[in-house]
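This report describes the fold of one protein chain, going from the overall layout to a strand and then to helix packing. The sequence and the structure come next.

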Amino acid sequence: MPDTSAWDDGKAREIVVRLAGLEGATLPILHALQDAFGFIHESATDLIAEALNLSRAEAHGVITFYHDFRRAPAGRRMIQICRAEACQANGCEDVVAELRSRHGVDVDKQNDDRLTIQTVYCLGNCALGPSALVDGELVGRLDAERLAGLCAGTSLEQAQIASGATR
Ligand code: FES
């Protein structure tokens with residue numbers, strides 16, 4: 001697990017310089033930075049732009065285009081909810097909407113420092129959707145109540161017992 005407590009500009013610069021010579025270096029650099037720090041700090045925009053001879057807008061555009069790159073440290077609980085086609089057919093958008101309206105939790109926004117909940121596209125668990133990864137564990141047949149409990153820090157086991165659901 002990366003140390004997400006501190007961004008280190010010096011170490012970030014070393015990573016950027018080390019990978020800058022690669023073909024299509026932007027994505028490998030961003031992945032390496034996220035692996036090292038758990039997120040991409042704002043200052044990476046200038047480091048990358050300078051090293052790759054890009055405009056600041058171009059570097060910023062790449063960082064913000066990909067959902068996988070976090071721009072703040074991840075919360076202690078990480079939930080990645082699938083919103084691809086099969087999970088949509090199984091009601092994931094209703095789950096996301098209900099999570100927002102009834103529980104005040106937004107997907108793809110930093111809610112607080114305890115929770116990161118973000119959209120992903122297909123976890124290979126399509127038949128049991130809506131699906132999510134909760135701290136790296138695959139969960140299926142999500143509903144808003146169960147998801148809200150998981151967002152609040154309920155263990156996977158407690159959430160399953162409460163909802164009668166299976167993984
Ligand atoms: S579409 Fe959601 S797991 Fe495949």
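## Terms and model

A residue is called buried when its relative accessible area is under 20%, and exposed when that value is over 50%. The model described here is predicted.

## Overall layout

The chain holds eight helices and four strands. From the N terminus, these elements follow the order α-α-α-α-β-α-α-β-β-β-α-α.

Of the chain's 167 residues, 43% count as buried. Among contacts between residues at least 6 apart in sequence, 61% link residues that are at least 24 apart.

## Strand 1 and its partners

Strand 1 covers residues 77–82, and six of its six residues are buried. Its side chains divide into two sets: R77, I79 and I81 point one way, while M78, Q80 and C82 point the other way. Both sets are buried, and they include the charged residue R77 and the polar residue Q80.

Strand 1 pairs with two other strands. With strand 2 (residues 115–120) it runs parallel, and six bridges join the two; C82 has V120 in strand 2 as its bridge partner. With strand 3 (residues 132–134) the direction is antiparallel, and three bridges join the pair. Here I79 is bridged to V134 in strand 3.

## Helix 1 against helix 2

Helix 1 (residues 9–19) and helix 2 (residues 26–37) have axes that come within 9 Å and cross at roughly 150 degrees. Helix 1 is therefore roughly antiparallel to helix 2, since angles over 145 degrees count as such. The crossing of helix 1 with helix 2 is right-handed.

On the helix 1 side, the contact is made by K11, A12, I15, V16 and L19; on the helix 2 side, it is made by P28, I29, A32, L33, A36 and F37. By class, this contact has 10 nonpolar residues, no polar residues and one charged residue. The charged residue is K11 of helix 1.

## Helix 2 against helix 3

Helix 2 also packs against helix 3 (residues 44–52), at an angle of about 145 degrees and with the axes 11 Å apart. This crossing of helix 2 and helix 3 is right-handed.

T26, I29, L30 and L33 of helix 2 meet A44, I48 and L52 of helix 3. The residues of this contact comprise six nonpolar, one polar and no charged. The polar residue is T26 of helix 2. In helix 2, I29 and L33 take part in the contact with helix 1 and also in the contact with helix 3.

Methods: Residues numbered from 1 in each chain as written. Predicted model: local features only at pLDDT ≥ 70, side-chain atom pairs only at ≥ 80, totals over all residues. Heavy atoms only, no water. Buried < 20%, exposed > 50% of the residue type's maximum accessible area, 1.4 Å probe, protein only. Pairing = 2+ DSSP bridges. Axes fitted to C-alpha atoms, helices over the stretch in contact; angles between N-to-C directions. Parallel < 35°, antiparallel > 145°, perpendicular 65-115°, else oblique. Left-handed = near helix turned anticlockwise from the far one by under 90°. Contact = heavy atoms within 4.5 Å.
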